[in-house]
Amino acid sequence: MKSKEKLLSNLNIAFINPPILDFAMYNLFAEPLGILKSIYACKKFGANVIYIDSLDRTFDKTFFEKGSISPTFKDNGSGKYWKKLVDKPEQLQFVDREFYRFGLDFEKVSNLIKIKMSEPDFIVISIVFTYHYLAARRLLEILKNDFPGTKVILSGIYPTIYFQHAKTLGFDEVFTGNVVSFVSELLKRYSLTDIDTLHCSDIILKANKQDEYYNDESDSFSDFLPDWDAVKDLPYGIIRLTKGCPFSCPYCASNIISGKFEKLSIGYSLSQMRYFAKRKIYNIAFYDDALLIDKEHFITFMEKALEISTNFRFYLPNAIHIARADEDIFKYLKYFRMIRFGLESLNMDDFKYGNKFNQDELNHLINNIERFNIDKRSISFYILFGLPGQDFTEVERTVKGALKLGISPRFAEFSPIPGTKIFDLAKEESLMSNLRLNIEEPLYQNPCIYPYYATEFTIERMKYLRSLVYDKK
Ligand code: B12
Ligand code: SF4
C-alpha cells in the first residue's frame, strides 16, 4: 500500500478558473475558493497539480490580443479584469449593450495547460454563476480537441445549483458535491486503497494538522485549507467563518449550496489569518452568508485575528444582517473598510424579503453608526430590485426612505436561481413579458438581463432611481 500522503501520486490534474463571458464583471475580492481547496487537498495526497487562473490580472499584456483593455488595481486589491470586446451570443442579440470576454482567450488557456502539463488525467473547471456556462462550453470544445485522452470535469456552484442544465454541456463528468466529497471520490477511485468517506476525513484532518500555520486544538474537521500559495501576487485574502445560513429567503440559493448552517472551527480560520499575515496580506474579505448569526464565534475570531496583526482591514462585499449588528459587533466595525447591510426593502414585513429585521432594529443600527463614529463612506445598504411581483413604486419608496434616514442605498439586481422558492414565479412573469424570455435558459438569469427585460424595472426607470442616489453625492 502507498503511504497515506502519496495516495494520489499517479494523478496529473489541471484546475482551471475559466474566462468569463458577460456584459460586466468587476473583481470585488473574487477568488475560486472551491478550486483552491481542491488544489490543497490533491497536493497533500501527492497528486501532480497545476492551476490556471484565466482571470489573473497580473498576466502580462503579451498574453492578450490587440484591443484588449487593461485591468486595474485599487489599494485594497479589488479592480477591473483584463477584457476584450466579443460578439454577443445569439440569445442576447436583443440587448443594446457591449459584451466582453473577461480574462484569457480560450485557446490561450489550453496552450498554457500544454506548456505546464503534457498529459493531464483530469482537467477540472469550476463555474460560480449559472449565467456563465457558455464559457465552460467553449473551453470544453477546445480542450476536447487538444487533449483527447483527458477527462474534463465540471464543478462548482453552477452545477450544484443547476445540475439538469450543466449535464447537457457534454463534460465527461459533472460534479455537484463539495470539495471533501470530490477528493474522497478521487481517493476511492485512484488510490487503489479501500477507503470509506469517514476514514477519508480523518486523513484530511491529519493533512491539515501538518500545515505549518494550522493550530487547531479541536479535533473536529472543518474543511480543507485553500492553497493560497497557488495564487501568485495574492492581492487580498478571503476568509469564511461559517457555511450556509439559517434563514431561507425565497430568492436565495444558500441552502441549496451549503445545506444547513455550520460553524467552521476557529483554528481553521485563524490558520489562514496567520498565513496572510506572514505574506503581509492585510486586506481580508469575508465570504460568509450569515457572518453574524453566531455572535460569540465572530467576536472570538476577531479578537484572535487582531492578536495576530492589528494591520488587518476587513471587507464585507456580501451583506450582513441588520438585526444582528448590535453594540458588541460595532466595537469591531472600526476595522472594516467595506460594510454592506442587507436592507432589501423598507417594506420589511413582506415575506419575499425574508423577514430579517424590523423597524426598531433598523433605527437602533442607524443610531449605532453615529454612536460608534463609523466612517459613513464605508457603509451601504443593499436594496433588492427586479423580483417577480415587486412593485416599482415600492422600491422608489425604499430608496427615498433610505435617503431620508441618512443611509446610503446600493442597488442589488435580482438574479433568478433555479431551485429557489421564487424561481417558478419569476419564470411565469418573464414568460408574460414582451420578450417572453424563458429563464430556464441561464443566460436570462443574469442580473443584467432579468430585472430589465422581464419585469417592470426598465433601464429608463432604473436610471431615474439611480439618479436619486448618485446625483445627491
Ligand atoms: C462570495 C460571493 C460573491 C462575491 C464573489 C463572487 C465570485 N466571483 O467569486 C461577490 C460579492 C463579488 C458576489 C457577487 C454577486 N453574487 Co455572489 N455569492 C457569493 C457567495 C456568498 C459565495 C461564493 C463562494 O465562493 N462560495 C464558496 C464556495 C466555492 O465554497 P464551497 O462551499 O466549498 O463550494 C460549494 C460547491 O459549489 C462546490 N464547489 C465549488 N467550487 C468547487 C470547485 C471544485 C474543484 C469542486 C470539486 C467543488 C466545488 O463545493 C461546495 C458545496 O457544494 C455565494 C453564495 C454561497 N453560499 O455560495 C453567492 C452567489 C454565488 N452569488 C450570487 C449572486 C446573485 C451574486 C450577484 C449577481 C449579486 C448582485 N445582485 O449583484 C453578484 C454578481 C457578481 C458578478 N457576476 O460579477 C448567487 C448566484 C446566482 C446565480 N444565478 O448563479 C449566489 C449563489 C447567492 C445567492 N443569492 O443565492 N458574490
Ligand atoms: S439571509 Fe441572506 S444568505 Fe440567508 S437565506 Fe436570506 S438572502 Fe440567503
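Into which domains is the chain divided? The chain splits into domain 1, covering 7-190, and domain 2, covering 236-470. Keep in mind as you read that this is a predicted model.

## The whole chain

Let's start with the overall picture. The chain contains 16 helices and 16 strands. Along the principal axes, its C-alpha atoms fill a box of roughly 70 × 55 × 40 Å. A compact globule of 473 residues would have a radius of gyration near 23 Å, and the chain agrees with that because its own value is 23 Å.

## How the two domains meet

Now look at the two domains together. The C-alpha centres of domain 1 and domain 2 are 26 Å apart. Across the boundary, 21 residues of domain 1 are in contact with 22 residues of domain 2. On the domain 1 side of this contact, helix α4 (residues 157-161) gives the most, with three residues. Sorted by class, that side of domain 1 has 14 nonpolar, six polar and one charged residues.

## An open sheet and its strands

Next, find the open sheet of five strands. Its order is β3-β1-β6-β7-β8, and the pairing is parallel. Strands β3 (48-53) and β8 are the edges, each pairing on one side only.

You can follow part of this sheet strand by strand. β6 pairs with strand β7 (residues 151-155) in the parallel sense, over five bridges. Here Ile-123 stands opposite Val-152 in β7. β7 also pairs in the parallel sense with strand β8 (residues 173-174), this time over two bridges. Ile-153 has Glu-173 in β8 as its bridge partner.

A helix joins the picture too: β6, helix α3 (residues 133-146) and β7 form a right-handed β-α-β unit. Another right-handed β-α-β unit is made by β15, helix α13 (residues 392-404) and β16. In that unit, strand β15 (residues 379-385) and β16 pair in the parallel sense over five bridges. The bridge partner of Phe-385 is Glu-413 in β16.

## Around ligand 1

Which residues come nearest to ligand 1? Of the 38 residues around ligand 1, the nearest are Ala-30, Gly-34, Phe-182, Ala-253 and Pro-317. Both domains take part, since domain 1 (7-190) and domain 2 (236-470) each provide at least three residues of the shell.

Several elements each supply at least two residues of this shell: α1 (33-44), β6 (122-126), α4, α6 (179-190), α8 (254-258) and β16 (409-413). The largest share, four residues, comes from α1. You have met α4 before, as the helix that gives the most to the side of domain 1 touching domain 2. β6 and β16 are familiar as well: β6 belongs to the open sheet, and β16 pairs with β15.

## Around ligand 2

Which residues are found around ligand 2? They are Cys-245, Phe-247, Ser-248, Cys-249, Cys-252, Ser-254, Asp-289, Ala-290, Gly-342, Gly-354 and Lys-356.

The table sets out the classes of residues in the two ligand shells.

| Shell | Nonpolar | Polar | Charged |
|---|---|---|---|
| Ligand 1 | 21 residues | 14 residues | three residues |
| Ligand 2 | five residues | four residues | two residues |

## Putting it together

To recap, the chain is divided into domain 1 and domain 2, and the shell around ligand 1 draws on each of them. Trace the order β3-β1-β6-β7-β8 in the structure above, and then look for α1, which gives four residues to the shell around ligand 1.

Conventions: Residues numbered from 1 in each chain as written. Chains lettered and ligands numbered in written order. Predicted model: local features only at pLDDT ≥ 70, side-chain atom pairs only at ≥ 80, totals over all residues. Domains from an automatic or database assignment. Contact = placed C-beta atoms within 7 Å. Nonpolar A, V, L, I, M, F, W, Y, C, P; charged D, E, K, R; others polar. Near = placed C-beta within 6 Å. Pairing = 2+ DSSP bridges. Right-handed = clockwise from strand over helix to strand, strands pointing away. Rg over C-alpha atoms; globule rule 2.2 N^0.38 Å.
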